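User: I'm new to this structure and would love a close look at one part of it. Could you take the aromatic pair as the centre and then show me what lies around it?

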Amino acid sequence: MMKEDFDLVPAVEDYCRTLAERARIQVAFARDGQARPMSSESALTIFRTLQEALANATRHGGASQVDVKLEFEVDRLLMTVRDNGGGFDPRASKDGHYGLANMGERARKVGGSLDVDSAPGRGTLIALQIPYRTGQSGIWGVGQVSEGEA
């Protein structure tokens with residue numbers, strides 16, 4: 001579990017920066033909308049999905065550019081991770097590779113969904129949607145920033 005004072009947006013931004021330096025690739029981070037509170041489990045799902053998506057982009061996809069965006073919408077948070085790597089066929093069986101399945105399972109456990117759009121030769125887009133739950137205390141993102149300000 002995560003600390004109750006965990007700040008999701010700074011953690012995501014810091015992880016993107018750290019991975020860019022370590023993997024020597026470009027990772028652009030943007031956020032949009034007013035941050036809303038969410039459960040610790042939802043925040044952990046977002047962060048773990050980010051980690052797995054970035055690991056896949058660098059380890060398997062050979063990406064040189066990744067764009068990460070957090071969108072705080074009225075009823076949900078949408079995180080997208082888009083890379084310019086080699087892509088893959090999401091329908092193809094990958095014995096021994098459970099990252100995508102684990103991301104999808106985590107999303108479903110918090111009432112969310114995970115969509116993967118990829119094809120060989122055209123990169124990958126991971127889209128994670130997590131609904132807000134009204135009346136629930138929890139972890140906040142930070143502030144409101146429009147795209148282009150981040």
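Analyst: Happy to! One small stop before the pair itself: D117 has a relative accessibility of 36%, so it counts as partly exposed. Keep that residue in mind, since it comes back later in the tour. Please also remember throughout that this is a predicted model.

Here is the overall setting. The protein chain holds three helices and five strands. Followed along the sequence, these elements come in the order α-β-α-β-β-α-β-β. The chain has 150 residues, and buried ones make up 45% of them. If we take the contacts with a separation of 6 or more, 72% of them are between residues 24 or more positions apart. The chain exposes about 8100 Å², with carbon and sulfur atoms supplying 45% of that area.

Now to the part you asked about. Searching the whole structure turns up one aromatic pair. Its partners are Y15 and F47, whose rings meet edge-to-face, with 5.6 Å from centre to centre and 70 degrees between the planes. The angle explains the name: edge-to-face applies to planes over 60 degrees apart. The pair links distant parts of the chain, as Y15 belongs to helix α1 (residues 8-23) and F47 to helix α2 (residues 40-59), 32 residues apart.

Are these two rings buried or exposed? Y15 has a relative accessible area of 18%, so it is buried. F47 has a value of 13%, so it is buried too. The cut-off behind both statements is that buried means under 20%.

Helix α2, the home of F47, deserves a look of its own. Of its 20 residues, 14 are buried, so the helix is largely enclosed by the rest of the structure. Its length also fits expectation: at 1.5 Å a residue, α2 should span 28 Å, and its end C-alpha atoms are indeed 28 Å apart.

On helix α1, the other side of the pair, there is a charged contact to visit. R17 and D14 form a salt bridge, and their closest N and O atoms are 3.2 Å apart. Why can these two meet within one helix? They are three residues apart in α1, so about one helical turn separates them. An α-helix has 3.6 residues a turn, so residues three or four places apart point the same way. Unlike the buried Y15, R17 is partly exposed at 42% relative accessibility, and D14 is partly exposed at 40%.

That salt bridge is one of four found in a search of the whole structure. Another joins the side chains of E73 and R76, at 2.4 Å from N to O. E73 is partly exposed, with a relative accessible area of 24%, and R76 is partly exposed at 24% as well. A further one brings us back to D117, which pairs with R122 through N and O atoms that are 2.7 Å apart at their closest. R122 is partly exposed at 48%, as is D117 at 36%.

One last ring completes the tour. The charged end of R36 sits over the ring of Y132, 4.4 Å from the centre of that ring. Here a charge meets a ring, whereas in Y15 and F47 two rings meet.

So, to bring the picture together: the pair of Y15 and F47 links helices α1 and α2, and α2 is largely enclosed because 14 of its 20 residues are buried.

Terms used
Residues numbered from 1 in each chain as written. Predicted model: local features only at pLDDT ≥ 70, side-chain atom pairs only at ≥ 80, totals over all residues. Heavy atoms only, no water. Phe/Tyr/Trp six-rings, centres within 6.5 Å; stacked < 30°, edge-to-face > 60°. Helix = DSSP H or I, 4+ residues; strand = E, 2+ residues; numbered from the N terminus. Buried < 20%, exposed > 50% of the residue type's maximum accessible area, 1.4 Å probe, protein only. Lys NZ or Arg CZ within 6 Å of the ring centre and 35° of its normal. Expected span 1.5 Å × (residues − 1). Contact = heavy atoms within 4.5 Å. Areas by Shrake-Rupley, 256 points an atom, 1.4 Å probe, with all protein chains shown as cover.
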